[in-house]
Amino acid sequence: MAFTAQDVKALREKTGVGMMECKKALVEADGDMDKAIDYLRERGLAAAQKKASRIAAEGVVLPYYDSATKKGVVVEVNSETDFVAKNEKFMNFVEGVAKTILATDPADVEALKEEKYDGSDRTVTEILNDLVLSIGENMKVRRFERMEGIVSSYIHGGGSVGVMVGFDVADSAKADDAEFIAMGKNVAMQIAAMNPEYLSKADISADELAKMESITVDSALNKPDSLPMPILTSLINEAIDGKKWSDDDSNIYQGLDNKQRKNFTNFISKEAYEILAGIAVSHKAEIVDNKIFTGLVQGRLNKQIKEICLLEQEFVRSDLFQGSVGGYVDSVAKALGTDIKVKSFIRMMKGEGLEKREENFAEEIAKQING
């Protein structure tokens, strides 16, 4: 059966596959459009299987929110190169995946793969296989997280980081105000930039706080020059009087003036410093009971908490508000005359934890030359 250029064009529009592949499919199918589509789908599956072992750690993270249903999702879809993330077909596919998730509510990625893709009678996997054939790279839907309610989102760097943050607003109508919308975006940008681990200190478990405190104590003891001066002086005296330091290190330290002693680690040997740390660790029980040391540890813990908890973090837009993120949200709530609470957030970074592809352009060119 003969076919025309219009048939090739029609097949391309139906499948999204390149012109040459469409022409080849029509040749193989003897001009039969339905058989040509089946042929391309089989080719798509074969291409996906062939490329499945290739590293796909690029791609895009997309936060997608449906204001009508008040449902949102952050989804990551990976590809082999970041160039693909700029491809319109790829981005349309990612948005379709997000819509599919909101419509079908799959339990996980494996369940999502078998759902009917948005606006189609074919599964997500089948549509993805077509895309692999069309674009020529391994691609995969890696993960997604959902959120419901009043939501603000932010996408950074063309999809390198995606953020979604949920709010409880006493007067929900205020969520449409420009000031609330700006605040939501600013908080989402804060999350993208500062990567908090928790919403607030209240979300850190007692076990995790105890672990953080233990690490802080051990870190301080193993870095004795950071200890409060009364404790440090006592440790140095023990090192010298107890002949635990070499004569050279003892003489060097005793020859330093008060200003130099503040930077004594620049003068003593590495071995002397390690000995001093060992003495500190050996006196751990009594040092931990020291009120001065307790204050030092608490101060360092508070600093860590301010770094890892969103609401305790210093708000980066100091031109708008000077203080914590929680304080900034409260100030906007006061201006709007309502109560606003940050409920939860999602922060997803493209390729996080994945092995990255090592580029070797000489090998790539050689492969292309040699077919």
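**Helix α7, its cover and the nonpolar cores**

At 38% relative accessibility, E179 counts as partly exposed, that is, between the buried range (under 20% relative accessible area) and the exposed one (over 50%), with a 1.4 Å probe and protein chains only. The model is predicted, so to speak of local features takes a pLDDT of at least 70 and side-chain atom pairs count only at pLDDT 80 or more, while totals for chains, interfaces and linings use all residues. Residues are numbered from 1 along each chain as its sequence is written, and side-chain values use heavy atoms, with hydrogens and water left out.

E179 is found in helix α7, residues 178-194; helices (H or I, at least four residues) and strands (E, at least two) are DSSP runs, numbered from the N terminus. Leaving aside neighbours within four places in sequence, E179 is in contact with V332, A335 and L336, contact being heavy atoms within 4.5 Å. E179 and V332 sit 153 residues apart in sequence, yet their C-alpha atoms are 7.3 Å apart in space.

As for α7 itself, its 17 residues should span 24 Å at 1.5 Å a residue, and the end C-alpha atoms are indeed 24 Å apart; the expected span is 1.5 Å times one less than the number of residues. The buried residues of α7 are F180, M183, G184, N186, V187, A188, Q190, I191 and A192. Their cover includes β4 (150-156), β5 (161-169), α15 (325-336) and β6 (340-349). Just after α7, N195 takes a positive phi of about 50°.

Two of those covering strands, β4 and β5, run antiparallel and are joined by seven bridges; strands pair if DSSP finds at least two bridges between them. In this pairing S152 stands opposite V165 in β5. The hairpin of β4 and β5 has four residues between the strands, and G157 there takes a positive phi near 60°.

Turning to the nonpolar cores, the largest has 31 residues, and those with the most contacts inside it are L235, I236, W245, F264, L276 and F293. A core here is a set of buried Ala, Val, Leu, Ile, Met, Phe, Trp, Tyr and Cys residues joined through side-chain atoms within 4.5 Å. At least two residues of this core come from each of α8 (206-221), α9 (229-241), α12 (270-282) and α14 (291-308). Apart from this core lies another, of 26 residues, among them Y154, V169, L199 and V342. Back in the largest core, L235 touches L227, L276, I279, A280, H283 and I287, not counting residues up to four places away in sequence.

S250 belongs to helix α10, residues 247-254, and is buried, with a relative accessible area of 7%. With the same four-place neighbours set aside, S250 touches I240 and W245.

R122 lies in the loop between α5 (109-113) and α6 (124-135) and is buried too, with a relative accessible area of 10%. The R122 side chain makes a polar contact with the side chain of D130, at 2.5 Å. Such a contact is a pair of N or O atoms within 3.5 Å; within protein, one must be able to donate a hydrogen and the other to accept it, and residues adjacent in sequence count only if both atoms are side-chain atoms.

Over the whole protein chain there are 16 helices and six strands, and buried residues make up 41% of the 371 residues. Among contacts between residues at least 6 apart in sequence, 65% join residues at least 24 apart.
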